Amino acid sequence: MKQKIFVLYTGGTIGMTQSSEGLRPDTALVSQALSPFSDDLDFEWHVCNPLIDSSSVTLQHWRDWLDIIAAKLPFCDGILILHGTDSMAYTANLLALALQGLGKPIVLTGSQWPYAAENSDAPCNLSTAVAAFSLKLKQTVIAFDGKLYPAVGSSKVSTETAAGFDNPHFGAIAEWDETQGWNHIRVPSQDTADVSDDLKIRYPDPQAKIAVRTLIPGFAVQELADGLGQLPAHALILQSYGHGNTPANKGFIRAVRDFTQQGKLLLNISQVQQGRTAAVYAQGNAFRNSGIINGGKCNLETATALMTLAVSQGWGAEDVHKELVRLKLV
């Protein structure tokens, strides 16, 4: 019996065609992309109208897509999402954190070059994504360049090669070869609490205000110290140095403490691609004791999803920490 796969086509380079102004989303992909796999799988398409370039993704898009997924999930064996690469890792992380009790696979893919382009990576990525449904996963993954990556921890790492994505901390969970099939499979076991027949959805509030700041030598620390009190965000993600270190500047530490004492959330993550915030250096001690949340191995994409949902659900710092523990990030 054929598996039933619901396809959510949001836009992205994979289906774009050339116009006088550059590449633009197009619906021609619908009649072409998945026909080679129709002998084994039944596909039901939902084409977003309008299709978007993924650099235009909003919190409302995420909310709308969650509604579509929730409606279709009971009637299919898995969901394939065709998405632009620019924000694919952000969307993948949001889905991974928002869909609680997910008992079926959600596979996101796209491409660096349009499906119809010469030597495009799109056919390989689609083949990898479709093959992923044979693994009967119960999680959200990204299929790209012959590899499957868990959503949490994944990032776009290249605009220049077919190897557009990576997961520096957790790596790939499987590798696909057209002739040999799947190899190097290491799908992690999942807690029964994370998988059930009772799907629960944490919806993002489109009005959630999450800000990001990155520390660099020089003026950045003063700017942050001076502006933190007036920052209209509900939560801040700070990309600090190395193991989560910051200058021990008194004005900066005071501003951070004032920010967190207002009940606002400040998540500290490393700006290093394979970084982890931890109490390693005395230099960061004053900052660590100013009410901030230690993000551990959390990358920017995961942090964005986490803080968006934290603000939307009214979480406190302890709730965020518990989620980081559940995700094995701290």
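The following dialogue discusses an annotated binding site and the aromatic pairs of a predicted model.

Me: Which residues does UniProt list for "binding site"?

Reply: An unreviewed UniProt entry lists Ser54, Thr85 and Asp86 under that heading. These residues are spread over 33 residues of sequence, yet they cluster in space, with a largest C-alpha distance of 6.9 Å.

Me: Where is threonine 85 placed, and with what is threonine 85 in contact?

Reply: Threonine 85 is found in the loop between β5 (78-82) and α2 (88-98). Leaving aside neighbours within four places in sequence, its contacts are Ser54, Ser111, Gln112, Phe144, Lys156 and Phe165. Ser54, one of these contacts, is also listed for the binding site in the UniProt entry.

Me: How should I read relative accessible area here: is threonine 85 buried or exposed?

Reply: Buried means under 20% relative accessible area. Threonine 85 has a value of 5%, and is therefore buried.

Me: What is the corresponding reading for aspartate 86?

Reply: A residue between 20% and 50% counts as partly exposed. Aspartate 86 has a relative accessible area of 44%, so it is partly exposed. Aspartate 86 also lies in the loop between β5 and α2. Not counting residues up to four places away in sequence, aspartate 86 touches Asp53, Ser54, Ser55 and Lys156.

Me: What does the UniProt entry list as a domain?

Reply: The unreviewed entry gives residues 4-179 as "domain: L-asparaginase N-terminal". Over that range the chain is 20% helix and 31% strand, and the end C-alpha atoms lie 24 Å apart.

Me: How many aromatic pairs are counted, and how is a tilted pair recognised?

Reply: Two rings pair if their centres lie within 6.5 Å, and a pair is tilted when the angle between the planes is neither under 30 degrees nor over 60. The count by this rule is four aromatic pairs. Among them is the tilted pair of tryptophan 176 and tryptophan 182, at 5.1 Å centre to centre and 55° between the planes. Tryptophan 176 is partly exposed at 21% relative accessible area, whereas tryptophan 182 is buried at 16%.

Me: Why is the pair of phenylalanine 252 and phenylalanine 287 called stacked?

Reply: Planes under 30 degrees apart count as stacked. The planes of phenylalanine 252 and phenylalanine 287 are at 25°, with the ring centres 5.8 Å apart, so this pair is stacked. Because phenylalanine 252 lies in helix α5 (residues 250-261) and phenylalanine 287 in helix α6 (residues 285-288), the pair ties together parts that are 35 residues apart in sequence.

Me: Are these two phenylalanines, 252 and 287, buried or exposed?

Reply: Phenylalanine 252 counts as buried at 0% relative accessibility, and phenylalanine 287 counts as buried at 1%.

Technical notes:
Residues are numbered from 1 along each chain as its sequence is written. This is a predicted model: local features need pLDDT of at least 70, side-chain atom pairs count only at pLDDT 80 or more; totals for chains, interfaces and linings use all residues. Side-chain values use heavy atoms; hydrogens and water are left out. UniProt positions are given in the numbering used here, feature names are shortened, and annotations may be inferred rather than shown by experiment. Helices (H or I, at least four residues) and strands (E, at least two) are DSSP runs, numbered from the N terminus. Buried means under 20% relative accessible area, exposed over 50%, partly exposed in between (1.4 Å probe, protein chains only). Contact means heavy atoms within 4.5 Å. Rings of Phe, Tyr and Trp (its six-membered ring) pair if their centres lie within 6.5 Å; planes under 30 degrees apart count as stacked, over 60 as edge-to-face and the rest as tilted.
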